[in-house]
Amino acid sequence: MKFPINKIHRSSIEVGGNITIDEFWSADTVKIVADVVIENGVTVSIDSGVKVEFQDYYSIDVNGAIIANGEADDLIHFTSEFPEAFILDYSEYGAWNGIKFNNVSTLNNTSKFEYCILEYSKSFTEYGGAIQVYGVSDLEITNCLFRNNIADYGGAISFEYHSAPKIYGNLFENNYAFISGSPIYCSYSYPRITNNTIVSNYVLNEETFHETAAIHTYISKPQIANNIIWGNETSFYDPHQLMNCKAFYTIYNDIEFGHDGKGNINEEPLFTGSGAHQYSLEADSPCIESGTYFLPFGYDLPEFDLAGNVRTYNDSIDIGAYEWNGVGIENYEFAIANYRISNYPNPFNPTTTISFSLTTEITENTEIIIYNLKGQKVKNLPITLSGDEGAGIWNGTDNSGQSVSSGIYFYKLGVGDLQQVNKMILLK
């Protein structure tokens with residue numbers, strides 16, 4: 001991979017026209033003031049937390065490569081300057097015109113989107129509201145959120161003419177198609193669509209006898225595994241979520257109305273419905289441990305899910321964009337009211353201090369217990385108490401004094417029958 005030549009570190013910059021040398025966008029806001037063309041051989045890299053704000057109905061045409069690597073808690077944001085003006089019609093108001101890949105040379109770097117939001121984009125060339133892919137396979141879209149995008153076909157994204165990118169761990173919500181494929185349209189292509197949550201997308205076509213679906217394919221073999229495809233609406237009299245998707249390549253999904261293929265289920269996913277990640281799974285979701293590692297088309301799975309949690313738990317993988325990380329750790333019937341608990345530093349190596357306070361005096365039956373991702377007890381942490389405050393220091397060892405591996409751990413504060421849990425990361 002080539003390293004960028006130009007590095008831009010300002011609170012706000014303006015970008016438009018042809019980009020002829022490698023660039024690195026790290027300003028707080030990148031304002032797109034004209035159509036952007038990333039020329040062949042050129043790579044534009046975007047730092048985490050950057051807001052790419054389209055000032056009018058402009059697009060980014062990628063003839064080289066774009067690498068937008070955000071983080072779970074610091075997303076890259078592609079959006080319109082005036083999203084409040086966005087409406088479901090063919091007007092340009094409040095919209096931008098998407099990111100387009102058209103027969104990009106394989107000599108370029110692989111384009112990547114990771115931990116990005118793509119919203120309020122429209123396509124008037126029929127296909128791909130936010131991202132349009134034509135004859136391109138060197139593209140990876142991982143742990144991104146697509147919402148409020150619209151096109152005739154493929155409200156969020158479209159694949160045409162022998163395209164086979166990797167689409168992994170994304171959330172597609174509230175995207176719209178005037179004709180079909182509310183989030184995804186696929187023609188003569190072979191995308192790998194894995195561990196996505198595809199919910200509440202809408203086909204606006206009111207023709208009762210016009211066959212439509214959330215994922216619309218035409219002479220294609222999309223490889224669809226470990227996805228939740230649920231609650232996407234059409235007007236077609238025979239409701240279904242997928243059109244022309246072959247059973248051999250459609251495996252271990254939770255698909256409303258069902259679908260032929262190994263391991264597929266048709267059961268209510270049971271989302272939590274609250275918080276920053278409302279489509280994460282409840283403890284009794286049928287999607288937990290119902291996915292598969294053994295993909296017939298095979299590739300390395302990302303390490304983390306859309307929320308930044310480790311992708312696998314109990315040596316299994318869940319269906320959908322979110323991995324459930326264990327009962328008995330995050331789901332307590334009785335939570336502590338009026339508390340403060342945190343650890344610093346976090347992430348840490350080799351030690352971290354866990355401190356807490358309550359509004360009442362802490363009793364002797366207060367404890368801190370460290371758990372791993374499997375819900376196994378790692379250590380009962382010695383703590384010191386003083387009035388309504390307490391603290392304990394963990395040095396990354398278990399109860400036998402052995403060092404534990406790096407990764408995500410949970411610490412549980414227990415005060416009598418009341419419990420509260422936080423997450424921390426040990427790095428080595």
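User: What does Lys51 form a salt bridge with, and how far apart are the closest N and O atoms?
Analyst: In this predicted model, Lys51 forms a salt bridge with Glu53, and the closest N and O atoms of the pair are 3.3 Å apart.

User: Is Glu53 buried or exposed?
Analyst: Glu53 counts as buried, since its relative accessibility is 10%, whereas Lys51 is partly exposed, with a relative accessible area of 31%.

User: How many salt bridges turn up in the whole structure?
Analyst: A search of the whole structure finds 4 salt bridges, and among them is one between Asp89 and Lys122, where the closest N and O atoms are 3.0 Å apart.

User: Where do Asp89 and Lys122 lie?
Analyst: Asp89 lies in the loop between strand E9 (76-80) and strand E10 (99-102), while Lys122 lies in the loop between strand E12 (116-119) and strand E13 (131-134), so this salt bridge ties together parts that are 33 residues apart in sequence.

User: And is Lys122 buried or exposed?
Analyst: Lys122 is buried, with a relative accessible area of 0%, and its partner Asp89 is partly exposed, with a relative accessible area of 25%.

User: What about Glu119, which residue does it form a salt bridge with?
Analyst: Glu119 forms a salt bridge with Arg147, and here the closest N and O atoms are 2.7 Å apart. Glu119 lies in strand E12 and Arg147 in strand E15 (residues 145-147), so the pair ties together parts that are 28 residues apart in sequence. Of the two partners, Glu119 is buried, with a relative accessible area of 5%, and Arg147 is partly exposed, with a relative accessible area of 26%.

User: Switching to the fold, how many helices and strands does the chain have?
Analyst: The chain has 0 helices and 38 strands. One of the sheets to look at is an open one of 3 strands, in the order E16-E20-E24, with parallel pairing.

User: Which strands stand at the edges there, and why is one side of each left without a neighbour?
Analyst: Strand E16 (150-153) and strand E24 (202-203) stand at the edges, and because each has a single partner strand, one side of each is left without a neighbour in the sheet.

User: How many bridges join E20 to E24?
Analyst: Strand E20 (residues 176-180) and E24 run parallel and are joined by 2 bridges, with Tyr176 standing opposite Tyr202 in E24.

User: Next, E33. Why is it largely enclosed?
Analyst: Strand E33 covers residues 366-371, and 5 of its 6 residues are buried, so the strand is largely enclosed by the rest of the structure.

User: Which way does E33 run against E37, parallel or antiparallel?
Analyst: E33 and strand E37 (residues 407-415) run antiparallel and are joined by 6 bridges, and the bridge partner of Glu367 in E37 is Gly414. E33 is also joined to strand E34 (residues 377-381) by 4 bridges, again in an antiparallel arrangement, and there Tyr371 has Lys377 of E34 as its bridge partner.

User: Zooming out, what share of the chain's residues count as buried?
Analyst: Of the 428 residues in the chain, 53% count as buried. As for the surface, the chain exposes about 18400 Å², of which carbon and sulfur atoms supply 46%.

User: And what share of the contacts comes from residues 24 or more positions apart?
Analyst: Among the contacts in the chain with a separation of 6 or more, 65% are accounted for by residues 24 or more positions apart.

Conventions: Residues numbered from 1 in each chain as written. Predicted model: local features only at pLDDT ≥ 70, side-chain atom pairs only at ≥ 80, totals over all residues. Heavy atoms only, no water. Pairing = 2+ DSSP bridges. Buried < 20%, exposed > 50% of the residue type's maximum accessible area, 1.4 Å probe, protein only. Contact = heavy atoms within 4.5 Å. Areas by Shrake-Rupley, 256 points an atom, 1.4 Å probe, with all protein chains shown as cover. Salt bridge = Lys/Arg side-chain N within 4 Å of Asp/Glu carboxyl O.
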